[in-house]
Amino acid sequence: MKRQTIHHYLYVLLTAALCISIPLSKFAMSVCMLLLAVNWLAEWNWSEKWQRLKENKSAFFALLFGLVLCLGFIKASDCDKAFNYYIAEFPLFIAPCIAASSTPFSKKELKFILGGFVLSTIFASIYSTIYYIYNEVVNIREISIFISHIRFSLCIDISIVILLFYILKDKEIKMAIRIVLIIATLWLITYLFIAQTFTGILLLLLVAFIYTCFLLIKQRKQKRYKVIGFSLFALFVIFIGYSISITYNYFHIDQNEYLTIDEKTINGNIYENDLTSLVENGSLTGVYVCKDELRTSWKQRSGVEYDEASIEPTLIRYLNSCHFRKDSVGVMSLNHQDISNIENHIANISYTKKYGLERAAYPIFFSFQLYEREGYINNSTIFQRLEYWKAAWKQACTHPLFGVGLGNHKTAVAQQLEADNSQLDENLRCVGCHNQWLTFWLMGGIFVLMYFILTLVYPFIEQKRKMTFVYVAFFIILVGSMFTEDTLEMQAGMTLFAIINSILLYCFNPQYYENL
């Protein structure tokens, strides 16, 4: 076997192993990326590599981003920390260069690599679901065992796009296999709702909406695509209807219930009745509250001390979500699981649901009310992000040319939050920008940010003929996530973007299939 053939097989296997490791193992990601780079160097066919690189100038742009990012060292205060950040970004520079300069994958090799990624994502989703079923999970994020729940939701979205592409476009797939792929797609969509990851759900809906518009406008004459387009549209209507329904059930109050209000409990104690209190699950939290009875009856039901700062508001909200009065009768009506939930500071029975959007949507609704009434932001990741963005923007405007230096962006944001007397708790301040664009700006300045945007846009100019909707969908998912997340800050997100982006740009031959 020729030396070049051996290196190509290693290239295929290592790329597949790297894709498989993204949803499963940070350590395996690092090892596979290193071995992939070593194999590329050891191949030593520089003239061929150079010729292929000349045909893919966008890979040069990505490689040069490594030099541009060096601007971040100008104002770096901790060289070791800055260097570690720089090394962590290496796949962004190297992966496009390796993919663009190596021998292209065959159709079977590409299917093997992308199939490995999808299978590992499915495995991780099944494993997480089994963990969810057999363990008491307080925070739904805990079920993402291997990588962060946001990055895993991106893996889910991309896997769904890949599966749909092969279902619709690969005519060589037998019907039995096609049915299996459809089941796998439906499972991954279901898992998104089980995990209740709004980022993943919204990005997938965005892709589906754009694809629906494309089919209804460009492919309207083809019956098959017309059926797909109208089916997707129907799913949008169903989802919107469901969303409206749970919103209505949360905020709608039956006014007849409060036309006449009892002043005393069954034991003769006085109720507190606040008709302007917050609404949860269609009931006013501040109506029919007797704190003396709550305190006494709680001691009979639980060994956890009755704390007015923590147990009391949790107990009141939980009773309200069960549509019980907040008195001794209400507390005695709770079962043992309810008491355990309250002890674990679960304030709404809807938060305990295994499935459905209520568990994810209801905390957001409550947070919006808290912010509207009291300006409180610690309960909401949405308002926390707005606080991070404001602080990061101020720092970026203060240091527009060279930012604050590689490795200093989290500290700079935390300092700005301190200067602004932010309401954010101390433990929530030093987490960064939660926005990739602001992160690059703070790391190295406006030139780093603009050059990164150029590396994203230029392939659409150079590789225009090779563009398929599978790449456009991937682009929307990953780039869309960068508005609310530091997607490239975490190893899984950065490797996912660097590798899958490189494969779809330089190794995915649209001539194998009909153009989307």
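**Exercise 1.** List the residues that K49 touches, not counting residues up to four places away in sequence, and state whether K49 is buried or exposed.

Solution.
- Step 1. Take contact to mean heavy atoms within 4.5 Å. With residues up to four places away in sequence left out, K49 touches W40, E43, W44 and S101.
- Step 2. Place the residue: K49 is found in helix α3, residues 46–54. Helices (H or I, at least four residues) and strands (E, at least two) are DSSP runs, numbered from the N terminus.
- Step 3. Apply the accessibility classes: buried is under 20% relative accessible area, exposed is over 50%, and partly exposed lies in between, with a 1.4 Å probe and protein chains only. K49 has 2% relative accessibility and therefore counts as buried.

The model is predicted: local features need pLDDT of at least 70, side-chain atom pairs count only at pLDDT 80 or more, and totals for chains, interfaces and linings use all residues. Residues are numbered from 1 along each chain as its sequence is written, and side-chain values use heavy atoms, with hydrogens and water left out.

**Exercise 2.** Describe the surroundings of S125.

Solution.
- Step 1. S125 lies in helix α7, residues 107–134, and it counts as buried because its relative accessibility is 0%.
- Step 2. Not counting residues up to four places away in sequence, S125 touches F152, I156, W187, L188 and Y191.
- Step 3. One of these partners, L188, is 63 residues away along the chain, with a C-alpha separation of 7.5 Å from S125.
- Step 4. The side chains of S125 and W187 are joined by a polar contact of 2.8 Å. Such a contact is a pair of N or O atoms within 3.5 Å; within protein, one must be able to donate a hydrogen and the other to accept it, and residues adjacent in sequence count only if both atoms are side-chain atoms.

**Exercise 3.** Check the span of helix α8 against its expected span, and state how many of its residues are buried.

Solution.
- Step 1. The expected span of a helix is 1.5 Å times one less than its number of residues.
- Step 2. Helix α8 covers residues 149–169, so its 21 residues should span 30 Å.
- Step 3. The end C-alpha atoms of α8 are 30 Å apart, which agrees.
- Step 4. Of the 21 residues of α8, 18 are buried, and the helix is mostly covered.

**Exercise 4.** Locate T487 and list its contacts beyond its neighbours within four places in sequence.

Solution.
- Step 1. T487 sits in the loop between α21 (469–481) and α22 (491–507).
- Step 2. With a relative accessible area of 1%, T487 is buried.
- Step 3. Beyond its neighbours within four places, T487 is in contact with R151, L154, Q436, L478, S481, M482, G493 and M494.
- Step 4. F497 is 10 residues from T487 in sequence, and their C-alpha atoms are 8.6 Å apart.

**Exercise 5.** Characterise N348 and N281, whose side chains are joined by a polar contact.

Solution.
- Step 1. N348 is in the loop between α15 (336–343) and α16 (358–374); at 0% relative accessibility it counts as buried.
- Step 2. Neighbours within four places aside, N348 is in contact with E280, N281, Y318, S321 and Y362.
- Step 3. The polar contact between the side chains of N348 and N281 is 2.6 Å.
- Step 4. N281 lies in the loop between β1 (279–280) and β2 (283–284) and counts as buried at 10% relative accessibility.
- Step 5. Most residues other than glycine have a negative phi. For N281, phi is positive, near 55°.

**Exercise 6.** Describe helix α19 and the residues that flank it.

Solution.
- Step 1. H434 is in the loop between α18 (409–419) and α19 (436–444). H434 is not a glycine, yet its phi is positive, about 55°; at 18% relative accessibility H434 counts as buried.
- Step 2. At the start of α19, a side-chain oxygen of N435 comes to within 3.0 Å of the backbone nitrogen of W437.
- Step 3. In α19, 9 of the 9 residues are buried, so the helix is largely enclosed by the rest of the structure. Among them are Q436 and W437.
- Step 4. G445 follows α19, with a positive phi near 105°.
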